[in-house]
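Reader: I would like to learn how to read the features of a structure such as this one. Could we take them one at a time, with the general idea before the particular case?

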Amino acid sequence: MLNSTMMIEFLLMGFSDEWELRVLHAVSFSLMYFVTLIGNFLIVIVTTLDKSLHTPMYFFLRNLSILDACYISVTVPNSCVNNLLDSSVISKAGCVAQVFLVVFFVYVELLFLTFMAHDRYVAICQPLHYPVIMNPRVCVQMTLASILSGLVYSGFQTGITFRLPFCHSNVIHQFFCDIPSLLKLSCSDTFGTEMMIFASGLGSGGSCFIFIIRSYIHIFSTVLKFPSGNNRAKAFSTCMPHILVVSVFLTSGFYVYLRPSRISATRWDMILSVFYSIIPPLFNPVIYSLRNEQIKCAIRKIMRKYFDQAIYRKLRR
């Protein structure tokens, strides 16, 4: 068995040992990664350049897009490179950094999704108070509070995990470093650590989920009072995908993170981790923005503007 003081690197598991399947995994993950980056950066560019989109709703969308691009960049590129190079080694420092960043981005993303639900609640249920409640200063303060609390929360989770001795093995049954997989490698009693992780995870995730559901219950009750069927359909088409993504995000995360460490890791855990590490950043641009008419109009306007400028420069030559 490996001595805990000499554990300087870990081995990450892949989805398959066969070369063809590893290449397929790397190609599929790379495609999802580049689609995610393009979609999120497109939203950032559009919401920044179009002044009509400088509202609280699109402020949080822009922040969420930046966060999603960073979040997926922590795990997917490294996994693709490992599969193509047939390498699974990650240093202890790299593993610590990966755990810290994954927990940080998950925590902040959950808060951003909660703020976005609150923004829609105020816009629909309290439209007259919207400019006061969701003023730019409050939005900036909410964002900074999310980042600062995320740093504290991630530092706490990472600290209590890596203070444990690891001596059972150095093989992490996951395609990136995560806390549940590391707890299985510890040769000490992890009950206290698991309880702290369970309490903090359930407290933060559960409270955000309850707040989101509560906000949408109020939204639905208000929307049902609308006289027009089109307005109802538009509101439901916007809200239901949000609830679906949040539910998948939290359900898969809770299943992987809040299970006792004594339960053996399976391939199913690796598949479920995709649902909270890759699927949300991939689908958030589609759900929140690219289905939005204002975003579509802004994209067409910006493309028309730059196309006209290109033609004008070409004619001047």
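Reader: Let me begin with charged side chains: which residue's side chain meets that of R120 in a salt bridge?

Author: The model is a predicted one, and that should be kept in mind throughout. As a general idea, side chains of opposite charge can pair when their charged atoms come close. Here the side chain of R120 meets that of D119, with 2.8 Å from N to O, and D119 is buried because its relative accessible area is 1%, under the 20% cut-off.

Reader: How many salt bridges does a search of the whole structure find?

Author: The search finds three. One of them joins R22 to D86, whose closest N and O atoms are 3.3 Å apart. Since R22 belongs to helix α1 (residues 19-49) and D86 to the loop between α2 and β2, this pair ties together parts that are 64 residues apart in sequence. Another is formed by the side chains of K301 and D50, again described by an N to O distance, of 3.3 Å. K301 sits in helix α11 (residues 293-316) and D50 in the loop between α1 and α2, so the pair ties together parts that are 251 residues apart in sequence.

Reader: Are R22 and D86 buried or exposed?

Author: R22 counts as buried, because its relative accessibility is 11%, whereas D86 counts as exposed at 55%. For the other pair, K301 is partly exposed at 43% relative accessibility, while D50 is buried at 6%. D86 also has a backbone feature to look for, since its phi is near 55°, a positive value in a residue other than glycine.

Reader: Turning to the sheet, what is the order of the strands?

Author: The order is β2-β1-β3 in an open sheet of three strands with mixed pairing. The edge strands are β2 (89-91) and β3 (171-172), each of which pairs on one side only. To read the mixed pairing, take each partner of β1 in turn: β1 (residues 9-12) and β2 run antiparallel and are joined by three bridges, whereas β1 and β3 pair in the parallel sense over two bridges. At the level of residues, F10 has I90 as its bridge partner in β2, and L12 has I172 as its bridge partner in β3.

Reader: Which side chains of β1 point to one face, and which to the other?

Author: In a regular strand the side chains alternate between the two faces of the sheet. Along β1, F10 and L12 point to one face and are buried, while E9 and L11 point to the other and are not.

Reader: Which helix lies across β1, β2 and β3?

Author: That is helix α3 (residues 92-125), which runs at about 80° to β2.

Reader: Finally, which residues form the nonpolar patch on the surface?

Author: The patch is made up of L244, V248, Y255, W268, I271 and F275, which together have about 540 Å² of accessible area. Helices α8 (229-257) and α9 (267-277) each supply at least two of its residues. W268 is found in α9, and this residue counts as partly exposed because its relative accessibility is 47%.

Methods: Residues are numbered from 1 along each chain as its sequence is written. This is a predicted model: local features need pLDDT of at least 70, side-chain atom pairs count only at pLDDT 80 or more; totals for chains, interfaces and linings use all residues. Side-chain values use heavy atoms; hydrogens and water are left out. Patches are made of residues with over 30% relative accessible area and no salt bridge: like charges are joined within 9 Å, nonpolar side chains (Val, Leu, Ile, Met, Phe, Trp, Tyr) within 5 Å. Accessible areas come from the Shrake-Rupley method with a 1.4 Å probe; for residues, only the protein chains shown count as cover. A salt bridge is a side-chain nitrogen of Lys or Arg within 4 Å of a carboxyl oxygen of Asp or Glu. Helices (H or I, at least four residues) and strands (E, at least two) are DSSP runs, numbered from the N terminus. Buried means under 20% relative accessible area, exposed over 50%, partly exposed in between (1.4 Å probe, protein chains only). Two strands pair if DSSP finds at least two bridges between them. Contact means heavy atoms within 4.5 Å. Axes are lines fitted to C-alpha atoms, for helices over the stretch in contact, and angles run from 0 to 180 degrees between N-to-C directions.
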